[in-house]
Amino acid sequence: ITNRTSQKVSVAWMVPGETRMPCTPEEKSFFSVYPMQCDIKPRMQAEFTLSFRPQSDRSYEGGILEAVVYQKMNRTFRLVDLKRFTPPWTVSCRGLGQTGRMRNDPSLDLSEKSIRCRACSPGQRTYQVAMLTNPGDTEISFQFLPPSDLSGHSDVTLGDLSTVPFRAWPPQGLIAPHQFQLVIIEFAPTEARNQDAYVASFPIVVDYNVGRPIALRVSGRAWKPDLSFCRGQPSVTFPPTCAGIVSSTACEVRNLSEIPVAFECRVPSRYRSLFWFPSPSGRLAPSESCTMRASFCPSREETFSAPLYCVSRGTEDPDDAIVGPLRGLTCIEVPSPAAGYVLQLVGHGKGPALSLEPSSLDLGAVKAYDVVERELTILNSSNLTVHYTLETVFLGGPEAPASGEEALRLSCSEGNVAGRCAESLAITFSPTCRGLFEYNIIVTPRGTSSEGSEGNAARGVVFTLTADVQFPFVQIADLRTESMTLQPQSMMWTNFQVDAINEMYRGEVLDAERNFQKVFGTDEKKRLV
């Protein structure tokens with residue numbers, strides 16, 4: 001027994017009837033150990049002598065030997081809590097012995113002559129169960145010898161787990177008459193061979209007859225992750241897409257290996273505004289395929305290209321996972337193999353084809369404070385969906401008021417038009433004063449606009465709207481008086497200031513005048529004046 005710790009330990013063998021109480025009155029140990037108890041220094045070893053004490057003649061007998069190991073200097077539970085208290089360890093081994101030859105030839109039946117383990121990646125483990133049956137009337141013993149390689153590789157060493165990655169547990173034991181024993185076959189490869197399988201043969205010695213072993217053939221494959229993207233095509237091409245519109249294409253991912261694989265697709269950050277995957281990762285079972293959706297959104301009329309990096313790794317089967325303290329003893333320190341793939345994403349951004357119907361509109365004479373509603377039709381003559389934005393530019397005129405920008409309202413500021421379809425745009429015009437109103441409504445496809453309104457007009461479609469807003473007013477056309485002395489009409493026109501009154505009637509009504517007309521009472525009117 002080797003002490004691999006940094007502290008001194010004590011070893012005590014548990015022998016029924018000697019160092020521990022027997023479980024049943026008839027329980028007796030077939031073996032004795034000397035010394036029964038001893039101390040082992042740090043990083044040192046101790047040897048023990050094992051004696052076989054058979055109970056009957058011409059039979060095979062065996063049992064489990066247990067040794068309890070604990071630290072020589074250990075705190076008791078009265079001084080520390082359970083988290084700091086170090087419990088003892090149990091080390092066990094199996095002992096077998098025979099007393100002379102058997103009176104008949106033993107027979108051992110195997111449930112399967114050839115066992116195929118499930119495929120896995122290097123560093124992982126898979127397990128299969130073989131059943132050994134004793135059909136005879138006497139007890140028999142079995143022992144698994146180191147497996148021999150049958151795959152035909154020249155660099156194979158007998159018993160080397162890196163070249164022959166198979167083990168059997170328990171390696172030896174006894175089978176009672178008409179009973180069976182389950183044996184676990186472990187496949188733990190450290191190197192991937194893909195389609196080239198590991199093949200080995202376990203010699204099973206029955207009743208110590210080394211000259212006539214029974215062969216158990218085992219095989220298994222170790223795979224690296226192997227995926228196929230887009231049926232082996234080096235690039236993924238998107239259909240022509242209008243600027244600002246998102247298009248998608250299907251990318252088939254197939255698992256060519258016999259192990260479950262997890263993969264992840266990555267696009268460089270500087271291209272993620274153009275290309276992306278809604279679900280960039282996934283998991284595939286052996287020989288399974290799935291479809292991933294890749295999205296593309298161009299920003300202008302141009303051909304775009306970006307690399308796609310895919311990384312795949314083998315995943316561990318949850319049925320074969322080893323958890324708890326045993327994982328630290330059984331894990332193989334082998335880095336998990338990963339496979340990388342590089343594809344090219346190619347997308348073509350196209351300019352849209354929009355037109356307006358009608359191309360211009362003249363509302364004619366419009367009374368102030370009236371609401372005029374019209375509809376404008378946006379036509380898309382291409383086969384692609386177009387995303388557009390709307391912008392209103394007030395051009396004004398020699399008689400245009402400053403409030404003209406607030407008189408025109410549109411039903412929306414942006415929208416989509418499907419291929420070979422049309423959309424209606426509602427226009428509402430509600431002026432609040434007289435004057436000449438002239439507007440430019442610019443429909444600009446997303447991604448094709450330049451800076452400034454002049455660039456938008458050059459790239460988009462321009463719709464012109466004009467209106468002459470009027471409001472009824474009165475004018476003094478003639479002036480007459482009744483008096484004894486007649487005065488010239490021109491003198492009366494000047495004395496009564498008719499021109500100033502007509503000028504006032506032709507002008508706009510001010511807010512102060514509106515407030516003056518709203519109030520009642522002389523005091524309120526004086527206060528406003």
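Rings of Phe, Tyr and Trp (its six-membered ring) count as a pair if their centres lie within 6.5 Å; planes under 30 degrees apart make the pair stacked, over 60 edge-to-face, and the rest tilted. The model is predicted, so local features need pLDDT of at least 70 and side-chain atom pairs pLDDT 80 or more, whereas totals for chains, interfaces and linings use all residues. Residues are numbered from 1 along each chain as its sequence is written, and side-chain values use heavy atoms, leaving out hydrogens and water.

**Exercise 1.** State which residues the ring pairs link into a cluster.

*Solution.* Ring pairs join F238, F275, F296 and F304 into a cluster. The search of the whole structure finds 16 aromatic pairs.

**Exercise 2.** Classify the pair formed by F31 and F52, and place both residues in their strands.

*Solution.* Step 1: the ring centres are 5.4 Å apart and the planes stand at 40°, so the pair is tilted. Step 2: F31 belongs to strand β2 (residues 31–34) and F52 to strand β4 (residues 49–52), so the pair ties together parts 21 residues apart in sequence. Strands (E, at least two residues) are DSSP runs, numbered from the N terminus. Step 3: F31 is buried at a relative accessible area of 4%, while F52, at 30%, is partly exposed. Buried means under 20% relative accessible area, exposed over 50%, and partly exposed in between (1.4 Å probe, protein chains only).

**Exercise 3.** Classify the pair formed by F166 and F187.

*Solution.* Step 1: with centres 5.1 Å apart and planes at 25°, the pair is stacked. Step 2: F166 is buried at 2% relative accessibility, and F187 is buried at 0%.

Note on methods: Helices (H or I, at least four residues) and strands (E, at least two) are DSSP runs, numbered from the N terminus.
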